[in-house]
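Open the model in your viewer and get ready to select residues. This tour goes looking for empty space inside a protein.

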Amino acid sequence: MEYRQEEAVTEESAVNRNVHLVGSLNLPSPEAVFTTVGESLGNRILRVPDGEFGERSNWSQFGASQLLDYDAFEHGGPSPFGGFWVQLSEGAAQSPLKVSPPGYAKHAKASYATFRALRDEGKLPAGTRFLVALPTPFAWVGYLVVEDRAAVEPALEEAMLEDLRDICEAIPAADLAIQWDVSNEVGALEEIEPTHFDNILDGCAERLARMIDAVPAGVEVGLHLCYGSYEDQHFVEPKDATVMVDLTNAILDRTSRTLDFVHMPVPIERDDAEYFAPLKGLKRDRISELYLGLVHIEDGIEGSQRRLAAARTATETFGIATECGVARLDEATMRPLLELQAQSADLT
């Protein structure tokens, strides 16, 4: 399938661009991602990630290992989440900390070159942006023992912002979308993730607003709110969408920007109106696009139809997505899953 690049994205053609790809896909390369997405989803997409392959396939985990390359850090013992804690080495807390950027810019620049070439060849539709999904600094801080987080957070935030600046300088604004992956913050609000500050909602919202405001004008910015997918399990089952709505609204209270997109997961068993009811209080006038992660390969189009019907009791206008990144699914599932998203989107 090829797309004529000389044709502008018209208002009519943009109506059907209602699928959001959260980030990770289990395909072998960015070229495979862009080509497969173009063939499967076509004009239903506005943004395409590179699949987050290689060292990024475990999301932010490789950042914890990077910290151990510095003399200032050492192993802090096993964490209850299946990994390990990092802590400051003895005496390091008294020294100014400087941490290098984690390296997302390097990957983004390489993948963008492939994205641009394939879009120019007509493998992706005109107007499609390259999506770069980034863990928040708070996610990186989450690998530290709690007592060291306040001392280390400024250095990790600045390192992540260096990566962000590098990405935004290297990729044209009109071709770029930044997605902040918001998982640890949701975990904190659900009292699963410990914090080094008292007012959890205010603290998380203030930090996220800083990250949003750091994205230059002209570059799209959005949020992927996440309940985790480690071993195909949430870190806690959401009662409903309240935590995500409250956090999004609190962020919008602290930034002057309109969010270009917000993604919220929908668990497979939640096809009840009660789950979606809090969306009635979401500040939609400050959000250009809302995507609901209601597509699950396990129950196919019938499951999507049930969750779509329930979602419409709270909001009429939304796009669709999977619940989270899908790098942990089998590679053979990728194309059927993309095609299921196309089918589900056509029902909205």
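Select helix α12, residues 334-345. This helix gives the largest share of the lining of the second largest cavity, three residues. Keep in mind that the model is predicted.

Now show the whole wall of that space. Start with the run His 20, Leu 21, Val 22, Gly 23, Ser 24 and Leu 25, which are among the lining residues of the second largest cavity. Add Thr 322, Cys 324 and Val 326. Finish with Leu 337, Leu 338 and Gln 341. The space they enclose is about 60 Å³.

Colour this lining by class. How many of its residues are charged? There are no charged residues here; seven are nonpolar and five are polar.

Next, move to the largest cavity. Its volume is about 90 Å³. Select β4, residues 129-135. This strand gives the most to the lining, with five residues. They are Phe 130, Leu 131, Val 132, Ala 133 and Leu 134.

Then select α4, residues 104-120. This helix also supplies at least two residues of the lining. Look for Tyr 104, His 107 and Ala 108 in the wall. Complete the lining with Pro 49, Asp 50, Glu 52 and Arg 56.

Colour by class again. The lining of the largest cavity has eight nonpolar residues, one polar and three charged.

Last, zoom out. How many cavities of 30 Å³ or more does a search of the whole structure find? It finds five.

Technical notes: Residues are numbered from 1 along each chain as its sequence is written. This is a predicted model: local features need pLDDT of at least 70, side-chain atom pairs count only at pLDDT 80 or more; totals for chains, interfaces and linings use all residues. Side-chain values use heavy atoms; hydrogens and water are left out. On a 1 Å grid over the protein atoms alone, a cavity is a set of points where a 1.4 Å probe fits but cannot get out, and a pocket is an open set with protein on both sides within 12 Å along at least five of seven lines; lining residues have an atom within 4 Å of a point. Grid points are joined across faces, edges and corners, and a volume is the space filled by probe spheres set on the points. Helices (H or I, at least four residues) and strands (E, at least two) are DSSP runs, numbered from the N terminus. Ala, Val, Leu, Ile, Met, Phe, Trp, Tyr, Cys and Pro count as nonpolar, Asp, Glu, Lys and Arg as charged, and the others, Gly among them, as polar.
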